[in-house]
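Welcome to my notebook. I opened a structure that was new to me and jotted down what I looked up, step by step.

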Amino acid sequence: MQYPIPRQQAGEDPGVDNDARLSDELAAVVAGARRRAVRDGDRQVDTAHLLHSLLEYDPEVRAAFDSEPQLARLLGYLVQRSIGYGLRWQTTVEDSGAIPVVTGAAGHSTPAATAMAYATERAARRGDARARGLDLLAGIVVDPRSRAVEVLERAGVDVPELFLRIEYGSQECVGGADAGC
């Protein structure tokens with residue numbers, strides 16, 4: 001059975017996908033994640049849907065990864081998820097329990113809603129009124145038990161290193177946060 005993902009109606013409290021705090025590019029990513037969830041028969045948009053859409057739509061996010069082979073492996077796992085790898089996830093709700101609950105994001109899993117909130121907060125800390133793809137990627141990788149992090153790790157991505165690359169830009173960050181990068 002396919003579960004429809006609720007959409008916000010005009011005049012309702014804005015959801016994460018039509019929030020004015022998202023860049024146009026990030027709004028397209030969220031819309032793509034919603035379409036993917038519906039097509040996959042999932043009840044909610046989860047962090048893996050968001051990650052897949054980020055990789056499809058945002059070249060800045062793709063550039064955050066180590067290499068083309070790593071990116072190809074990651075996309076391969078995400079495609080496998082949509083054609084069978086993630087069957088154990090279908091009709092279940094993503095809830096890693098690793099992060100505080102964020103409510104009010106109809107149609108999104110708790111970790112996905114929390115990642116969206118993190119993205120807008122990260123943009124505000126940077127002084128930007130709108131969140132971008134890298135903000136959302138940072139929000140996704142903060143939760144070590146999310147579905148997206150599971151996929152990243154299966155693809156051989158060093159998630160803590162990825163987070164440091166996102167936080168400190170494309171510069172080499174040898175020695176991690178303790179090195180003052």
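**Confidence.** I started with how far to trust the model, since it is a predicted one. The mean pLDDT of the protein is 76, and 69% of the residues reach 70 or more. Next I looked up the two stretches where the pLDDT is below 50. Over residues 1-18 it is below 50, and I noted 35 contacts in the model for this stretch beyond near neighbours in sequence. Over residues 171-181 the pLDDT is below 50 as well, with nine contacts counted in the same way. Then I turned to the helices: confidence is highest in helix H6 (residues 133-141), at a mean of 96, and lowest in helix H4 (residues 68-85), at 78.

**Overall build.** I found eight helices and zero strands, so to speak an easy pattern to jot down: α-α-α-α-α-α-α-α along the sequence. Of the 181 residues, 48% are buried. I also looked at contacts with a separation of 6 or more, and 63% of them join residues 24 or more positions apart. For the surface, I wrote down about 8,900 Å² exposed, with 51% of it supplied by carbon and sulfur atoms.

**One residue up close.** I picked Ala33, which lies in helix H1 (residues 24-40). Is Ala33 buried or exposed? Ala33 counts as buried because its relative accessibility is 0%, and the cut-off for buried is under 20%. What does Ala33 touch, leaving aside neighbours within four places in sequence? I listed Val45, His49, Leu50 and Ser53. For His49 I also checked the backbone: its C-alpha atom is 4.9 Å from that of Ala33, although the two residues are 16 apart along the chain.

Technical notes:
Residues numbered from 1 in each chain as written. Predicted model: local features only at pLDDT ≥ 70, side-chain atom pairs only at ≥ 80, totals over all residues. Heavy atoms only, no water. pLDDT = per-residue confidence, 0-100. Helix = DSSP H or I, 4+ residues; strand = E, 2+ residues; numbered from the N terminus. Contact = heavy atoms within 4.5 Å. Buried < 20%, exposed > 50% of the residue type's maximum accessible area, 1.4 Å probe, protein only. Areas by Shrake-Rupley, 256 points an atom, 1.4 Å probe, with all protein chains shown as cover.
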